[in-house]
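Please find below a colleague's note for someone who has not looked at this structure before. The points are numbered so that they can be taken one at a time.

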Amino acid sequence: MKAIILKFIFLFLFMPGLISFSQSTGDSLKYGISFNYLMDLSDTYGGGSLFSGGFTLSRSWYGAKLTFGHFQSQYSFLFKVPYEEIGKILEIPVQEMSIMQMGDISGFIRPVNKKWITTDLIFGVVYGRARSFYLKGIDYEYSLIENRFTYLFKDYQLDKKNHFGYQAGVDVSFYPFKKAGVQISARMQDLSNGGTFIFVGGGVCFQL
């Protein structure tokens, strides 16, 4: 993965030179922004959703994207406690949550570039700052007479992780209007500290 990241950094450092060369051939510089809502299909944090906003700088067949986003995952499960005295399994509902601020910078090539549709093949680097609340332990008292919990305490732990890695993906943008359109996005992110995400979704995009 390090070798791939180094290749991308090398390409990004030489991007200004490529842009200058493209300018000399008369290729116009274009800007765009996008806002997307994506679902995480992986189980890294039990699923979740990502809302992101991005800025795009492009030529006819290549360019760069800068994106910032907020990821949130909230999931529930049943904590099961065997109660041998009555031959019963007690079930305690538990909620856990993860949030993460994410940013990425990517280069892309654009094999399809028409007035009404563009397709960008993306590769870049990603950084994520995650904060998760996990269940650490449960303290409880159960009344056989009342058949209910008379005391229930859930102890949560805050877990902090920083993710760094790379992503690959595709953006397909449709422009029914001259400056505004609809975008479909997909991303696969392989990050450090056990983070692998598969984001699929869409939103709106604008040409400035």
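1. Is N147 buried, partly exposed or exposed? The model is a predicted one, and in it N147 has a relative accessible area of 48%. N147 therefore counts as partly exposed, because that class lies between the buried limit of under 20% and the exposed limit of over 50%. The residue sits in the loop that links β5 and β6.

2. The backbone of N147 deserves a second look. Its phi is positive, at about 55°, and N147 is not a glycine. As a general matter, most residues other than glycine have a negative phi. A positive phi also turns up at G87, near 60°, in the hairpin of β3 and β4.

3. For orientation, here is the overall layout. The protein chain has 208 residues, and 38% of them are buried. Its secondary structure consists of two helices and eight strands. In sequence order the pattern reads α-α-β-β-β-β-β-β-β-β, with the helices ahead of the strands. Of the contacts between residues at least 6 apart in sequence, 61% join residues at least 24 apart.

4. Which strand pairs with β3 over 22 bridges? The partner is β4: residues 62-83 form β3, residues 88-113 form β4, and the two run antiparallel. One of the bridges can be located by residue, since F68 has G103 in β4 as its bridge partner. Four residues separate the strands in this hairpin, and G87, already mentioned, belongs to the hairpin.

5. β4 also pairs on to β5, which covers residues 117-143. These two strands are antiparallel as well, and 15 bridges join them. N113 is bridged to T118 in β5. The hairpin that β4 and β5 make has three residues between the strands.

6. S143 is a residue of β5. With a relative accessible area of 14%, S143 is buried, because the value falls under the 20% limit. What does the side chain of S143 reach at 3.5 Å? It reaches the backbone nitrogen of I145. A polar atom of the S143 side chain also lies 3.1 Å from the backbone nitrogen of E146. Leaving aside residues up to four places away in sequence, S143 touches R148 and T150. β6 spans residues 148-174.

7. How much space lies in the largest pocket? The figure is about 450 Å³. The pocket is lined by 23 residues, and K30, R110, T118, Y175 and Q207 are the closest to its centre. Two or more lining residues come from each of β1 (30-40), β2 (48-58), β4, β5 and β8 (195-207). β1 gives the largest share, with five residues. By class the lining has nine polar, eight charged and six nonpolar residues. T118, one of the residues closest to the pocket centre, is also the bridge partner of N113.

8. K30, another of the residues closest to the centre of that pocket, belongs to strand β1. Its relative accessible area is 44%, and K30 is therefore partly exposed. K30 touches T56, L57 and S58, with residues up to four places away in sequence not counted. In sequence, K30 and L208 are 178 residues apart, while their C-alpha atoms are 7.4 Å apart in space.

9. Apart from the pocket, there is one cavity of 30 Å³ or more. The largest cavity holds about 230 Å³ of space. Which residues lie nearest the centre of the largest cavity? They are L38, S52, T67, D104 and R187, out of 25 lining residues. At least two lining residues are supplied by each of β1, β2, β3, β4, β6 (148-174) and β7 (180-191). The largest share, six residues, is that of β2. Its lining divides into 13 polar, eight nonpolar and four charged residues.

10. Reading points 7 and 9 side by side, some strands appear in both linings. β1, β2 and β4 each give two or more residues to the pocket lining, and these strands each supply at least two residues of the cavity lining. β5 and β8 are named for the pocket, whereas β3, β6 and β7 are named for the cavity.

How values were computed: Residues are numbered from 1 along each chain as its sequence is written. This is a predicted model: local features need pLDDT of at least 70, side-chain atom pairs count only at pLDDT 80 or more; totals for chains, interfaces and linings use all residues. Side-chain values use heavy atoms; hydrogens and water are left out. Two strands pair if DSSP finds at least two bridges between them. Buried means under 20% relative accessible area, exposed over 50%, partly exposed in between (1.4 Å probe, protein chains only). A polar contact is a pair of N or O atoms within 3.5 Å; within protein, one must be able to donate a hydrogen and the other to accept it, and residues adjacent in sequence count only if both atoms are side-chain atoms. Contact means heavy atoms within 4.5 Å. On a 1 Å grid over the protein atoms alone, a cavity is a set of points where a 1.4 Å probe fits but cannot get out, and a pocket is an open set with protein on both sides within 12 Å along at least five of seven lines; lining residues have an atom within 4 Å of a point. Grid points are joined across faces, edges and corners, and a volume is the space filled by probe spheres set on the points. Ala, Val, Leu, Ile, Met, Phe, Trp, Tyr, Cys and Pro count as nonpolar, Asp, Glu, Lys and Arg as charged, and the others, Gly among them, as polar.
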